[in-house]
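Q: I'd like to learn how to read a model like this one. Could you walk me through it, feature by feature?

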Amino acid sequence: MNETLRSLAAIIESRKPQNGGDPESSYVARLLQKGDDAILKKIGEEATETVMAAKDVRNGDLPSKIVSECADLWFHTMILLAQFDLTPDDVLNELSRRAGLSGIEEKAARKVQQRTENENRKY
């Protein structure tokens, strides 16, 4: 994993309230303490800001605006991963698994897998 991602993931992990993170002094600890819905809301906001940045760049703004908004989106997504005891390595492993697969074929395989998992839950 990229050293920047590894370092940031470790910092986020250390900011979990159960690991001593203080919601009074840490934005990450505060967001984690608020729970999944607060994190998801923030990711939605950041995703919207990323879309708007891309539209701004299309209309002449600097491409660095997209980079900045993507960084915010990645950061908040990493907080979500930590909330569920996942890491960027989990995402990178999934991307590696998908490498070389047709996106259409991969999506179809996921639908079959989800259908099978849903059927298994019924029993």
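A: We'll go through the helices, the core, the pocket and a few single residues. This is a predicted model, in which local features need pLDDT of at least 70 and side-chain atom pairs count only at pLDDT 80 or more, while totals for chains, interfaces and linings use all residues. Residues are numbered from 1 along each chain as its sequence is written, and side-chain values use heavy atoms, with hydrogens and water left out.

Q: Let's start with H4. How does the span between its end C-alpha atoms agree with its 20 residues?

A: First, the naming: helices (H or I, at least four residues) and strands (E, at least two) are DSSP runs, numbered from the N terminus. The expected span of a helix is 1.5 Å times one less than its number of residues. For H4, with 20 residues at 1.5 Å a residue, that gives 28 Å, and the end C-alpha atoms are 29 Å apart, so the two agree.

Q: Which residues of H4 are buried?

A: Here's the scale: buried is under 20% relative accessible area, exposed is over 50%, and partly exposed is in between (1.4 Å probe, protein chains only). In H4, the buried residues are Glu69, Leu73, His76, Met78, Ile79, Leu80, Leu81 and Ala82. Their cover includes H1, H2, H3 and H5.

Q: And what about Thr77, buried or partly exposed?

A: Thr77, which sits in helix H4, has a relative accessible area of 30%, so it counts as partly exposed. Its C-alpha atom is 8.2 Å from that of Ile39, although the two are 38 residues apart along the chain.

Q: Which residues touch the most other members of the largest nonpolar core?

A: A nonpolar core is a set of buried Ala, Val, Leu, Ile, Met, Phe, Trp, Tyr and Cys residues joined through side-chain atoms within 4.5 Å. The largest one here has 13 residues, and Ile12, Val28, Leu32, Ile39, Ile43, Met78 and Ile79 touch the most other members. Helix H1 (3-14), H2, helix H3 (36-58) and H4 each give two or more residues to this core. H4 gives the most, with 5 residues.

Q: Can we zoom in on one of those? What is Leu32 in contact with?

A: Contact means heavy atoms within 4.5 Å. Leu32 belongs to helix H2 (residues 27-34), and its relative accessibility is 7%, so it counts as buried. Setting aside neighbours within four places in sequence, Leu32 is in contact with Ile12, Arg15, Lys16, Pro17, Ile39, Ile79 and Gln83. With the same neighbours left out, Val28 is in contact with Ile12, Arg15, Phe75 and Ile79.

Q: Where does Thr50 lie, and what does it touch?

A: Thr50 lies in helix H3. Its relative accessible area is 13%, so Thr50 is buried. Not counting residues up to four places away in sequence, Thr50 touches Glu69, Cys70 and Leu73.

Q: Now for empty space. Which residues line the largest pocket?

A: Rolling a probe the size of a water molecule over the atoms shows where empty space is left. On a 1 Å grid over the protein atoms alone, a cavity is a set of points where a 1.4 Å probe fits but cannot get out, whereas a pocket is an open set with protein on both sides within 12 Å along at least five of seven lines; lining residues have an atom within 4 Å of a point. Grid points are joined across faces, edges and corners, and a volume is the space filled by probe spheres set on the points. The largest pocket here has a volume of about 220 Å³. Its lining is made of Leu5, Trp74, Thr77, Met78, Leu81, Pro88, Val91, Leu92 and Leu95. The elements that give two or more residues to that lining are helix H4 (64-83) and helix H5 (88-98).

Q: How do those lining residues divide into nonpolar, polar and charged?

A: Ala, Val, Leu, Ile, Met, Phe, Trp, Tyr, Cys and Pro count as nonpolar, Asp, Glu, Lys and Arg as charged, and the others, Gly among them, as polar. The lining has 8 nonpolar residues, 1 polar and no charged.

Q: Last one: what is the phi of Asp85?

A: Asp85 has a positive phi of about 55°, although it is not a glycine. It lies in the loop between H4 and H5, and at 61% relative accessibility Asp85 counts as exposed.
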